[in-house]
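Please examine the sequence and the structure shown here before reading the report.

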Amino acid sequence: MNTNKKELVNGIISVSISAILFGFLPILCKQVLNNGLDAQSLVLIRYGMACVMLGIVMLCSKISFKITKKQVVSFIIFGIIGGSVTSTLLSASYTYMYAGIATMFHSSYPIFVSLIMAVFFREKLSWKAALAVALAVGGMALMADRHGSYSLIGILLTVTSGVTLAIYIVSTKKSSYGTLHPIKIVFYICAVSTVTSLCVKLAVSGSVALPSAPADWVRMALIALLCTVVAHSLLAYGVQKLGATTGSVINMLDPFVSLVAGAFMIGEVPSAMAVAGCVLVFAAIFMIVISGGKRTDEVRNDDSEVLN
């Protein structure tokens with residue numbers, strides 16, 4: 001096997017494993033939430049544990065912790081948006097609707113990236129992008145099956161999480177830290193998310209809730225290690241080998257893994273209407289990912305810097 005083919009295979013395997021790990025994230029989170037832990041505490045513990053793990057990885061890999069003052073400001077601003085706010089909104093939505101459906105709503109963020117680029121950066125919206133937006137809207141309407149186990153507040157939470165993630169992605173490419181090592185970026189985003197979540201939690205309730213059962217501590221460790229540190233590391237490596245567009249297409253396995261895992265692990269079987277909606281949203285995301293200009297493609301598809 002020649003070097004290029006080997007790198008291609010390694011990239012495909014890496015991104016595929018990453019997508020599978022990301023797919024199990026909402027299921028593990030929902031199990032912990034169902035046992036009484038609130039969304040803010042879950043995000044705090046997740047990113048706190050991941051921050052420690054990533055710090056160890058950086059030390060072992062001799063990745064410098066040094067950043068500029070300008071990058072500190074950027075990390076604080078975008079870390080709050082892309083880490084703490086996005087993750088808290090998404091985690092909170094799991095208590096109102098099926099985890100797999102919530103993940104599919106959230107995964108529509110490339111649609112919001114396209115809209116943001118069109119509205120705020122005057123980028124022309126192609127007919128393919130316009131069609132994708134229409135498909136996504138139709139798909140979301142079907143996923144919001146009023147006969148299913150969903151609520152308006154859950155839908156609002158997860159759609160808003162997709163919007164905040166889109167803002168984070170666009171902002172990251174415009175920020176001063178966009179060229180840093182992906183592991184360093186995730187480390188500092190996790191650090192900001194941890195501090196922010198802690199401050200908010202203490203201000204609101206005066207204390208931080210902890211998992212009540214040993215099994216939930218195991219789940220939290222898996223969330224931090226496998227679904228955050230390992231998943232992001234594999235995705236960053238895979239994108240380097242495959243390119244952003246190909247990596248993003250493969251990473252679209254994530255919401256479907258969540259749907260299947262939710263059905264088998266916690267009995268969340270979506271209705272036929274909701275499944276049809278998922279297919280439309282998937283088609284819309286696929287169209288956005290593989291089309292568009294070079295500039296938006298770079299912004300939209302650099303998932304090595306996206307926190308799930």
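The report below describes a helix, a loop residue, a nonpolar core and a group of aromatic rings.

## Basis of the report

The structure is a predicted model. The values that follow should be read with that in mind.

## Helix α9 and its end

Helix α9 covers residues 214–242, a total of 29 residues. From its first C-alpha to its last, α9 reaches 39 Å, which is close to the 42 Å expected at 1.5 Å a residue. The helix nevertheless contains a kink of about 30°, and this kink is centred on Ala231.

Immediately after α9 comes Gly243, whose phi is positive, at about 100°.

## A positive phi at Lys62

Most residues other than glycine have a negative phi. Lys62 has a positive value, with phi near 60°. This residue is found in the loop between α2 (39–61) and α3 (69–93).

Is Lys62 buried or exposed? Its relative accessibility is 78%, and Lys62 therefore counts as exposed, since the cut-off for that class is over 50%.

## The largest nonpolar core

In soluble globular proteins, nonpolar side chains tend to be buried together. In this model, the largest nonpolar core has 67 residues. Which of these residues touch the most other members? They are Phe75, Ile101, Met143, Tyr168 and Tyr177. Helix α2 supplies the largest share of this core, namely nine residues.

## Aromatic pairs and a cluster

A pair of aromatic rings is described by the distance of the centres and the angle of the planes. Across the whole structure, a search finds four aromatic pairs. One of the aromatic pairs is formed by Phe65 and Phe187, with 5.3 Å from centre to centre and 80° between the planes, an edge-to-face arrangement. Phe65 lies in the loop between α2 and α3, whereas Phe187 lies in helix α8 (residues 182–205), so the pair ties together parts that are 122 residues apart in sequence.

The two partners have different accessibility classes: Phe65 is partly exposed, with a relative accessible area of 30%, while Phe187 counts as buried at 11% relative accessibility. Phe187 also forms an edge-to-face aromatic pair with Tyr188, in which the centres are 4.9 Å apart and the planes are at 80°. Both Phe187 and Tyr188 are buried. Phe65, Phe187 and Tyr188 belong, together with Phe75, to one aromatic cluster. Phe75 is also among the core residues that touch the most other members.

Conventions:
Residues are numbered from 1 along each chain as its sequence is written. This is a predicted model: local features need pLDDT of at least 70, side-chain atom pairs count only at pLDDT 80 or more; totals for chains, interfaces and linings use all residues. Side-chain values use heavy atoms; hydrogens and water are left out. Helices (H or I, at least four residues) and strands (E, at least two) are DSSP runs, numbered from the N terminus. The expected span of a helix is 1.5 Å times one less than its number of residues. The bend at a residue is the angle between axes fitted to the seven residues ending there and the seven starting there. Buried means under 20% relative accessible area, exposed over 50%, partly exposed in between (1.4 Å probe, protein chains only). A nonpolar core is a set of buried Ala, Val, Leu, Ile, Met, Phe, Trp, Tyr and Cys residues joined through side-chain atoms within 4.5 Å. Rings of Phe, Tyr and Trp (its six-membered ring) pair if their centres lie within 6.5 Å; planes under 30 degrees apart count as stacked, over 60 as edge-to-face and the rest as tilted.
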